[in-house]
Amino acid sequence: MEVLDPATIAVSIIALLILLFCITLARSSRARLPPSPPGRLPIIGHLHLIVGAKLPHLFLYNLSRKHSCPLLRLQLGQQSVIVASTPAAARHILQTNDLIFAARPPLSVPRHLHGCADILFACPSDPHWKLLRQLCSSQLFIKKRLEAFRPMRAQEVRSFLCSILASVGTPITMRSHAQTLSGNIMCRMAFGKRLSDLAVTAQARPSHRILDLMAEMNNLFMVFNLSDHFRFLQKLDLQGFDRQTRALAKRFDPVLQEIIETRYHERRSHIHTEMTPDFLDLLLQSTSLQEGTPQLSYQNIKAVFMNIFGGGIDTAALTIEWALGELLANPAKMMKLQLELGQVVGMARLVEESDLSSLPYLQAVVKETMRLHPVVPLLVPHAASKACEVMGYQIPADTVAYINVWGIGRDPDTWESPLEFCPERFLGKEIDVNGKHFELLPFGSGRRGCPGWMLGLVMVQIAVASLVQAFEWRIAKELDMTASYGLLFTSSNPLIVQASPKLPVHLFQANKETVAGVDQ
Ligand code: HEM
């Protein structure tokens, strides 16, 4: 056989490399990717830009305006990311490509917390998850269930007002009162009991209280976790967050385990005979659909509760806080709302959920609060389960999508005087928060939109209406509306206010057994 001389081999290799280079170049020029801002570094990509930003949604908003790009592409370590900054870009991702973007990226915290990187709607091939998804859409988050819990919510709102009444004359932190309100409502829907009435041995220990565990969980979701951007670092856990998450799961687990097991035994011995089945009843029913083979494991049920508590408590509480803060910063709007409540409800009874549809200005105040202060400003990240096209750009599989709902809410091309708190802009307009209007997406949209949005909206509306109807408010500590950021969007300093009652005291105390003050 003839041996090739070294020069021929060298020329062949160079020709092959040139060919490969040309093929790659041709492929990448065919794949039209969204524009990417300058500043990308080797290995870390644009990570240094976003990590250095105090408010990532503000940074991304400024970036998209500077480059006039409704859809930006960033490289955050190993993660390829697109950021949607206009209603049209959000629609392309959440509506046109809803099914493809229904996945979530595999993040470390949920993996260590629930034993699954995603919860509720992922893992479509897994029968447990199919069942969960079906349960959510046919049982847990339906209008009928929301209605069944209406009297319970009325009791909790009254109790919330009583706890404020008990503090008249002293400054109160609105955030913690609102967290107790939403926490009690969520807890009674989930387990039929208030936070303080959960007779759980583990919960009795201060470090095992549900509200504290939730706060820790939310903090872990808010940190910048290197492992999410460089998968090869996951095992090293350089920042220790994975270790902290596993330790938190160890404390959370016995609380939920005890609640579930107690109910399981009560159901078997027919001790538990609640008229309105709570979420735990509905989930346990599904564990015994087939003799001997539970359809849902306890682990699945625990994961659902962590999601529901994580999704429902702070989101509603922070929105209530933002709404009261805006009304205090804008006394004319506060007066207009007081006037509406006076005309529609009067002063002889407390406002009720059945009044909400007759209070257009209240609805506008809540929408305006959610436009300016969406508490999940970039939504929870979505991920493309396969390659697709968005606004004419090629998006590779596994790309993570951030929807900058905060930026969309302040976009001057969409809103007139966007920085002004002006509820009037919604009066007589069709724009709603139900995920169908892409200029206002506080609950997201599509398959991964918030399943608890109707409950969240009602909690915020009734709480704001009750606070404004029942009390006169005064700012006790200088109002600070500057924002701080994690996954949830809060004001840097909690709102400290002082209340004086406007309504006769007997109205607050009509329901004696619920006058329990603030729990926990
Ligand atoms: C004002 C109150 C609330 C706000 C602003 C809010 C907002 C959101 C947002 C923006 C998302 C992510 C949507 C996306 O990524 O596209 C979400 C997801 C979620 N929310 Fe809510 N939410 C609220 C109340 C609730 C309530 C009351 C519950 C439970 C009863 C709840 C349960 C959930 C769950 C389980 C998810 C995850 C859904 C999934 O990944 O498929 N939320 N919420």
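Here is a chat about a predicted model with an iron-bearing ligand, a mixed sheet, a helix and a pocket.

Colleague: Hi! Which protein atom is the donor to the iron atom of the ligand?

Modeller: That would be SG of Cys450, at 2.3 Å, and Cys450 is the only protein donor. Keep in mind that this is a predicted model.

Colleague: Where is Cys450 found?

Modeller: Cys450 is in the loop between helix H17 (405-409) and helix H18 (453-470).

Colleague: Switching to the sheet, what is the order of its four strands?

Modeller: The order is E1-E2-E7-E4, in an open sheet with mixed pairing. Strand E1 (71-76) and strand E4 (382-383) are the edge strands, as each pairs on one side only.

Colleague: And E2 with E7, parallel or antiparallel?

Modeller: Parallel, over four bridges between strand E2 (residues 79-84) and strand E7 (residues 400-403). Along that pairing, Ile82 stands opposite Ala401, and Ala84 stands opposite Ile403.

Colleague: How many bridges join E4 to E7?

Modeller: Two, and E4 and E7 run antiparallel. His382 stands opposite Ala401 in E7.

Colleague: Which way do the E7 residues point, and are they buried or exposed?

Modeller: Val400 and Tyr402 point one way, Ala401 and Ile403 point the other way, and all are buried. In a regular strand, side chains alternate between the two faces of the sheet.

Colleague: Nice. New topic: helix H8, what span should its 16 residues give?

Modeller: H8 covers residues 150-165 and should span 22 Å, because each residue adds 1.5 Å. Its end C-alpha atoms are 23 Å apart, so the two values agree.

Colleague: How many of the H8 residues are buried?

Modeller: Twelve of the 16, so to speak of H8 as mostly covered is fair because buried is taken as under 20% relative accessible area. Among them are Met152, Arg153, Glu156, Phe160 and Leu165.

Colleague: Does H8 lead us to the pockets? What elements give two or more residues to the lining of the second largest pocket?

Modeller: First its space, which is about 460 Å³. Of the 19 lining residues, Lys143, Leu356, Leu457, Val458 and Gln461 are the closest to the centre of the second largest pocket. The elements giving two or more residues to that lining are helix H7 (143-148), H8, helix H16 (360-372) and H18.

Colleague: Which one gives the largest share?

Modeller: H18, with five residues.

Colleague: And what is the lining like by class?

Modeller: The lining of the second largest pocket has seven nonpolar, five polar and seven charged residues.

How values were computed:
Residues are numbered from 1 along each chain as its sequence is written. This is a predicted model: local features need pLDDT of at least 70, side-chain atom pairs count only at pLDDT 80 or more; totals for chains, interfaces and linings use all residues. Side-chain values use heavy atoms; hydrogens and water are left out. Donors are N, O and S atoms within 2.8 Å of the metal (3.2 Å for Na, K and Ca); water is not among the atoms, so sites may look incomplete. The expected span of a helix is 1.5 Å times one less than its number of residues. Buried means under 20% relative accessible area, exposed over 50%, partly exposed in between (1.4 Å probe, protein chains only). Two strands pair if DSSP finds at least two bridges between them. On a 1 Å grid over the protein atoms alone, a cavity is a set of points where a 1.4 Å probe fits but cannot get out, and a pocket is an open set with protein on both sides within 12 Å along at least five of seven lines; lining residues have an atom within 4 Å of a point. Grid points are joined across faces, edges and corners, and a volume is the space filled by probe spheres set on the points. Ala, Val, Leu, Ile, Met, Phe, Trp, Tyr, Cys and Pro count as nonpolar, Asp, Glu, Lys and Arg as charged, and the others, Gly among them, as polar.
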